[in-house]
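Reader: I have just opened my first protein model and would like to understand the words people use for it. Could we go through a few of them together?

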Amino acid sequence: KDAHEPNLRRRLKETLAFIGPAVRPLSGRPSRFIDRVIRMRNALTHWEEGKASQAGQDLYGTAAVLTYLIDAALLRSIGLSEDEVTATFENNEHFKWAASAFAQD
């Protein structure tokens with residue numbers, strides 16, 4: 001019934017392209033980040049004994065990255081440029097801490 005809807009991979013790819021490099025210090029390479037999110041979503045949605053615990057290992061860090069991704073998309077949607085969003089995050093102490101704690105490869 002949802003065949004006309006873009007899949008999660010496409011939505012994440014388009015969102016990352018829209019926001020630009022702002023979350024890259026947290027997310028790492030977009031393709032790897034997207035794969036990680038999809039694997040985690042699938043493990044939690046299609047739960048099997050033993051597999052959910054693997055996803056839980058970096059669930060918090062991935063959730064933190066996704067939170068900043070949403071923030072960046074909202075900032076871009078209200079008119080900030082890619083550079084302004086990047087500068088906003090670079091000057092945010094929590095973002096700096098999260099980048100050091102949860103940075104993805």
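Author: Happily; here are some questions and answers about this predicted model.

Reader: What makes the pattern of the protein chain α-α-α-α-α-α-α?

Author: The chain holds seven helices and zero strands. Each α stands for a helix, so the pattern read along the sequence is α-α-α-α-α-α-α.

Reader: How are helix α5 and helix α7 described as a packed pair?

Author: Two packed helices are described by the angle between their axes and the distance between the axes. For α5 (residues 59–77) and α7 (residues 93–102), the angle is about 145° and the axes lie 10 Å apart. Their crossing is left-handed.

Reader: Which residues make that contact?

Author: From α5 come Tyr60, Gly61, Ala64 and Tyr68, while α7 brings His94, Phe95, Ala98 and Phe102. Six of these contact residues are nonpolar, two are polar and none is charged. Gly counts as polar, so Gly61 belongs to the polar group.

Reader: Why is the space lined by Leu16 and Gly20 called a cavity?

Author: A cavity is a space where a 1.4 Å probe fits but cannot get out, so the name says that this space is closed to that probe. The structure has one cavity of 30 Å³ or more, and the largest cavity holds about 30 Å³. Its lining is Leu16, Gly20, Val23, Arg24, Ser27 and Pro30. By class, that lining has three nonpolar, two polar and one charged residues. Arg counts as charged, so Arg24 is the charged one.

Reader: What share of the 105 residues counts as buried?

Author: The share is 32%, and for each of those residues the relative accessible area is under 20%.

Key: Residues numbered from 1 in each chain as written. Predicted model: local features only at pLDDT ≥ 70, side-chain atom pairs only at ≥ 80, totals over all residues. Heavy atoms only, no water. 1 Å grid on protein atoms, 1.4 Å probe; cavity = no way out; pocket = protein on both sides within 12 Å on 5 of 7 lines; lining within 4 Å. Points joined across faces, edges and corners; volume = space filled by probe spheres on them. Axes fitted to C-alpha atoms, helices over the stretch in contact; angles between N-to-C directions. Helix = DSSP H or I, 4+ residues; strand = E, 2+ residues; numbered from the N terminus. Left-handed = near helix turned anticlockwise from the far one by under 90°. Contact = heavy atoms within 4.5 Å. Buried < 20%, exposed > 50% of the residue type's maximum accessible area, 1.4 Å probe, protein only.
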